[in-house]
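Visitor: Could you take me through the charged pairs in this structure?
Guide: Certainly; please look at it first.
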Amino acid sequence: MALSLLTLFSAARVDVRLVNRSLFAPSPAAWKAATQCAPGRAIAIGSQPRPFAFSPARTRLANGRPGATVLPLLLVGDPRWSAKKGLFNVSTLANWHRRMLSPHSITLLLLLARRFTVENLPQALEYARRLGLMPLACNSSAVAGDCAALVSVDEGYVAYTYDDDPTDTIWPSTVLMGVITVPEPGWARARSPAQLAEFRTRTCSAARYQYVLGTNWYAHDLFRLRILDFFDWFLKIDGDIHLLATLPHHPAADASASRALFAFSSRWPLRDRQDCTIGVAAFVRDYIKNESAACGAPVVPTAAEFGWFNDSRTAFYSNFVAGWLGYFASPQLLRFSAHWYAHTPGMWAHRHTDQQYWCHALGLVSRGKEDWSDISAWRDRYFCHNKECRRHGDLLERRIHLRK
């Protein structure tokens, strides 16, 4: 991909440098061929057990820092979604800008789901205006080419900056926004949004269609976006996360320095409700069994002997996590997540979401907590989630446009 985005983002902030970092094109052909006995495996094909392995999709930075980081936020909501009252609104943007995005040079990627949130780019541009986003000036010869190229990535993106108070010394935050088509199962494509609004899962609090669709999107289709080629790490943070103070450091700083794959912010191990996790462990066992059969030898996940990996109820709170794209965008993990996404009974009957996905995906190549970065001490100190914020008496601050 020729787009470098160097000049585009240097116009917004001098220390933001986005270049193509991906070592693989996230194509279906690549991950379908990425079996555990594909050519290039260090262990010869034979009868001996082989550990699950992956081909890194990124190169680690020599200085141990996270590098370019993106925070994708998928909005799958009512087309009447309001920038003032919706799940992600002006107040939340200002809060994230001052306490996370700007201090740690994190790019916000706003993704509006076609058919559920908006129908076209002009509607998205109107939402951006309501949020107070300022289009990046693309009228100079230095950036015009890159602005034009950005429109051709995936379904097209527009670059913005955000600064709720231009008179202070805080750097503007970089925001990319685009309209995307969220892949849907065949049975759902034939139904209207109004019909899908009536859908409920059989178990796990009778979850709605858009909730299940939107949360599982983060497990697979997120990593198919070519815009992620320009980043090393991703953050998965829910739109109803409120930051109580400026984050002490980049969420992935410790994980990157220790060459970990993931940073989590919930207690470990977290055990989810049984009716929300029916069949998770069975799915993982079946996947490994099929990989082993294809290779003619046992494929063994690193965490195979640990109880948490074999327990369907093991999960993370997925409202504040960070992951290395070198792992999650690798062909082998895309192959695994594609099967997860197609695991229809679990997803649409029992509300399996990314909350169940992350830990079992990590267990393929890691032992557990000692191989990840634990930032759970930040919860209720540096951020809170939805109803948890009430204990801080912080709801008033959430409703106003932050100035401090």
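Guide: What follows concerns salt bridges and where their partners lie.
Guide: The model is predicted, so local features need pLDDT of at least 70 and side-chain atom pairs count only at pLDDT 80 or more, while totals for chains, interfaces and linings use all residues. Residues are numbered from 1 along each chain as its sequence is written, and side-chain values use heavy atoms, with hydrogens and water left out.

Visitor: How many salt bridges are there?
Guide: The count is 18, a salt bridge being a side-chain nitrogen of Lys or Arg within 4 Å of a carboxyl oxygen of Asp or Glu.

Visitor: Which residue does Arg115 pair with?
Guide: Arg115 forms a salt bridge with Glu184, at 2.8 Å from N to O. Arg115 lies in the loop between strand S3 (106–113) and helix H4 (121–131), and Glu184 in the loop between strand S6 (173–180) and helix H6 (186–189), so the pair ties together parts 69 residues apart in sequence. Helices (H or I, at least four residues) and strands (E, at least two) are DSSP runs, numbered from the N terminus.

Visitor: Is Glu184 buried or exposed?
Guide: Glu184 is buried, at 12% relative accessible area, whereas Arg115 is partly exposed, at 23%. Buried means under 20% relative accessible area, exposed over 50%, and partly exposed in between (1.4 Å probe, protein chains only).

Visitor: What about Arg226?
Guide: Arg226 pairs with Asp229, their closest N and O atoms being 2.7 Å apart. Asp229 is buried, at 3% relative accessibility, and Arg226 is partly exposed, at 27%.
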